[in-house]
Amino acid sequence: MKFTTVVFITFVVVGMSSLAPIKSSLVVNSVKPPCTEIEITGCVPAILVGTKPSDACCGKLRAQQPCFCDFIKNPGFHNLVTSPQARAALGFCGIPFPTC
């Protein structure tokens, strides 16, 4: 009877340890940045006034390019993104204006 109890306890311990939570994470290979905010630090003069955008500004605009349609649909960003100065900044950086 003691042998049966030991085998049962071993079975329960092994069974429960295989059900232990496994720490894992899902890695999504997405190239689209989060579209919750516009990252235009350094681009404000180019977008608001129409001055020549810097290389850093062009890099940030390129990184945000997948989000432009989301920004255009957002009433808070629509006028900022569709202004003539913003279109000129995109053109200077070689980024086509999105057709949403």
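How many helices and how many strands are there in the protein chain? The model, which is predicted, has six helices and zero strands in that chain.

**Whole chain**

Start with the protein chain in cartoon view and follow the elements from the N terminus: they run α-α-α-α-α-α. Next, colour the residues by accessibility. The chain has 100 residues, and 23% of them count as buried. Switch to a surface view: about 7500 Å² is exposed by the protein chain, with 66% of that supplied by carbon and sulfur atoms. For a contact map, take the contacts between residues at least 6 apart in sequence; 67% of these join residues at least 24 apart.

**Helix H2 and a surface patch**

Select residues 44-48, which make up helix H2, and find Val44 there. Is Val44 buried or partly exposed? Its relative accessible area is 39%, so Val44 falls between the 20% limit for buried and the 50% limit for exposed. Now add Leu48 and Val49 to the selection. Together with Val44, these residues form a nonpolar patch on the surface, and the accessible area of the three comes to about 280 Å².

**Gln65 and its surroundings**

Move on to Gln65, in the loop that links helix H3 (55-64) to helix H4 (68-73). Gln65 is partly exposed, at 33% relative accessible area. Which residues does Gln65 touch, leaving aside those up to four places away in sequence? Show Ile95 and Pro96: Gln65 touches both. Then draw a C-alpha to C-alpha distance from Gln65 to Leu90; it reads 9.6 Å, while the two residues are 25 apart in sequence.

**The aromatic pair**

Select Phe71 and Phe77 and show their side chains. The structure holds one aromatic pair, and these two residues form it, edge-to-face, with 5.5 Å centre to centre and 80° between the planes. A pair of aromatic rings is described by the distance of the centres and the angle of the planes. The edge-to-face label applies because the angle between planes is over 60 degrees.

Colour the two residues by accessibility again. Phe71, at 2% relative accessibility, counts as buried, whereas Phe77, at 23%, counts as partly exposed. The labels follow from the cut-off, because buried means under 20%.

**Arg87 over Phe97**

For the last stop, select Arg87 and Phe97. What sits over the ring of Phe97? The charged end of Arg87 does, at 3.8 Å from the ring centre.

Technical notes
Residues numbered from 1 in each chain as written. Predicted model: local features only at pLDDT ≥ 70, side-chain atom pairs only at ≥ 80, totals over all residues. Heavy atoms only, no water. Patch = residues over 30% accessible without salt bridge, like charges linked within 9 Å, V, L, I, M, F, W, Y side chains within 5 Å. Areas by Shrake-Rupley, 256 points an atom, 1.4 Å probe, with all protein chains shown as cover. Salt bridge = Lys/Arg side-chain N within 4 Å of Asp/Glu carboxyl O. Helix = DSSP H or I, 4+ residues; strand = E, 2+ residues; numbered from the N terminus. Buried < 20%, exposed > 50% of the residue type's maximum accessible area, 1.4 Å probe, protein only. Contact = heavy atoms within 4.5 Å. Phe/Tyr/Trp six-rings, centres within 6.5 Å; stacked < 30°, edge-to-face > 60°. Lys NZ or Arg CZ within 6 Å of the ring centre and 35° of its normal.
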